[in-house]
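Me: Please take one part of this structure and go through it slowly, giving the cut-off behind each term as you use it. A connected account would suit me better than a list.

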Amino acid sequence: MTTLTLNERKQANFKNSFFWIEALFYFFQGIYSSGQLVFTSFYTANVFQLTNTEIARIFALAGFPLYIKMIPGLISDKIAIGKFGRRKPYLALGGVFFVIAFIFFTGLQEYSQLWVLALILTNFSFVLVDGTADALTVDITPEEHATKMQGYANAGRYAGMAVGALLTSFLPQHIGWTPVIIILGAAALLQAIAAMQFREVEDLPKEIKPKFFESFKLAFVNNPRAWFGAIFAFLFMGSFGVTYVMNPVIIRNVSTELFGIAKILGYAAVAITAWGVGSYVNKRGGVTNKTIFILFGLIWLFMVPWLFVQGNWDKPVLVILGVFCMSVARGMVTLTTYSVLMRLCPPTLEGFMFAIFTSLMNVGLSALTPNIVTYFGEGLGWGMIPALFVMMPVMFVGVLMVPLINRSLAKEKSL
């Protein structure tokens with residue numbers, strides 16, 4: 001009797017409809033994530049009329065579930081729930097939590113601790129659903145379909161993000177925010193339901209994997225490049241939390257319609273830039289030391305147009321240009337970050353290690369950068385736009401990790 005390999009088991013289980021399920025999952029996630037961004041930015045800035053410093057603190061606190069993203073992933077890896085399997089129970093649980101959070105949102109029109117708790121619950125639900133769906137996708141996708149699966153995922157994600165921006169930018173003034181919030185809640189729930197349509201591979205071989213705390217030891221003890229990668233993730237990607245800072249600033253100064261148009265163009269810019277720069281960097285030999293310094297310079301060069309928006313919020317072309325150029329920079333940051341970190345995830349620890357890196361990115365994006373920028377911009381009176389550039393030297397420290405990472409990888413290859 002011939003024993004099938006893991007990839008052969010995946011091939012036998014795989015159906016072409018899985019590509020469309022993947023696209024649908026990310027389409028609903030895109031609607032939720034971009035719509036939630038507009039909704040929370042509008043409410044904190046215009047409805048609750050909080051200061052930029054207060055908004056930064058709220059988002060830093062609400063982002064806590066994103067900082068421990070590796071834990072739900074490990075739980076679904078190791079703990080199956082009866083006949084329901086390892087993944088689908090956690091998707092269902094995340095969907096239920098989404099429903100609870102959005103019930104609170106629809107009933108809360110004044111700022112309170114309960115509103116913040118609902119925001120924390122949506123982030124916890126997102127981590128549970130997104131992390132589990134990522135693991136499930138890995139479980140069911142044969143090696144030869146991985147790239148195509150990512151293509152469907154990204155197409156669905158950016159299409160959904162455009163729809164989410166449209167819904168939250170143009171509908172509220174016609175039908176009110178409550179129906180729009182219900183639509184966002186439905187999209188959040190539907191992403192969980194979509195992922196549950198995957199058929200899991202039966203009788204997966206039981207691989208011996210390290211226990212939770214042993215995983216940390218294997219990942220970081222006597223592994224200096226893991227520490228370099230952690231610093232890089234925290235400071236390089238984390239420094240581009242400037243995009244998070246700017247959302248409430250923009251929506252406070254322009255109409256939601258203009259904000260929506262700018263964000264839609266911005267999402268297109270992120271997608272095109274990540275694809276184009278990725279192809280170019282790949283042809284030039286990957287993220288070399290020279291390439292990382294060039295990209296660093298270009299990233300901040302594309303942030304310069306914001307200086308022309310200062311005092312000119314009544315000029316839509318300048319606002320759209322600022323958002324578009326910042327989105328190009330974001331595409332470069334995203335592409336560079338993942339290109340560097342994907343090389344640092346050792347066998348048997350790939351998902352766990354990458355989840356640690358993404359958790360550190362989230363700490364930088366949601367906690368470090370917004371609080372630093374608002375301290376200089378609002379606390380010291382610099383102005384929010386000039387204060388964005390405080391993060392440039394912080395990001396540069398992250399850039400300095402790349403030569404150390406490249407040297408370590410080259411040394412390993414030479415052994």
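Reply: What follows starts from one serine, moves to the aromatic rings, and ends with a helix and a pocket. This is a predicted model, in which local features need pLDDT of at least 70 and side-chain atom pairs count only at pLDDT 80 or more, while totals for chains, interfaces and linings use all residues. Residues are numbered from 1 along each chain as its sequence is written, and side-chain values use heavy atoms, with hydrogens and water left out.

Ser41 belongs to helix H2, residues 17-47, where helices are DSSP runs of H or I of at least four residues, numbered from the N terminus. Ser41 counts as buried because its relative accessibility is 2%; buried means under 20% relative accessible area, exposed over 50% and partly exposed in between, with a 1.4 Å probe and protein chains only. Leaving aside residues up to four places away in sequence, Ser41 touches Asn46, Asn247, Pro248 and Ile251, a contact being heavy atoms within 4.5 Å. The C-alpha atoms of Ser41 and Val245 are separated by 9.7 Å, although these residues are 204 apart along the chain.

The structure holds 30 aromatic pairs, that is, rings of Phe, Tyr and Trp (its six-membered ring) with centres within 6.5 Å, called stacked when the planes are under 30 degrees apart, edge-to-face when over 60 and tilted otherwise. Tyr43 and Phe48 make an edge-to-face pair, because their ring centres are 5.6 Å apart and their planes stand at 80°. Tyr43 is buried at 2% relative accessibility, and Phe48 is also buried, with a relative accessible area of 11%. Both belong to one aromatic cluster, whose members include Phe39, Phe42, Trp115 and Phe126.

Helix H7, residues 113-140, has 28 residues and spans 41 Å from its first C-alpha to its last, close to the 40 Å expected at 1.5 Å a residue, the expected span being 1.5 Å times one less than the number of residues. H7 is mostly covered, with 20 of its 28 residues buried.

The second largest pocket holds about 210 Å³ of space. A pocket here is an open set of points on a 1 Å grid with protein on both sides within 12 Å along at least five of seven lines, and lining residues have an atom within 4 Å of a point. Among the lining residues are Tyr280, Arg284, Lys290 and Met332, and H15 gives the largest share, five residues.

Definitions and conventions
Helices (H or I, at least four residues) and strands (E, at least two) are DSSP runs, numbered from the N terminus. On a 1 Å grid over the protein atoms alone, a cavity is a set of points where a 1.4 Å probe fits but cannot get out, and a pocket is an open set with protein on both sides within 12 Å along at least five of seven lines; lining residues have an atom within 4 Å of a point. Grid points are joined across faces, edges and corners, and a volume is the space filled by probe spheres set on the points.
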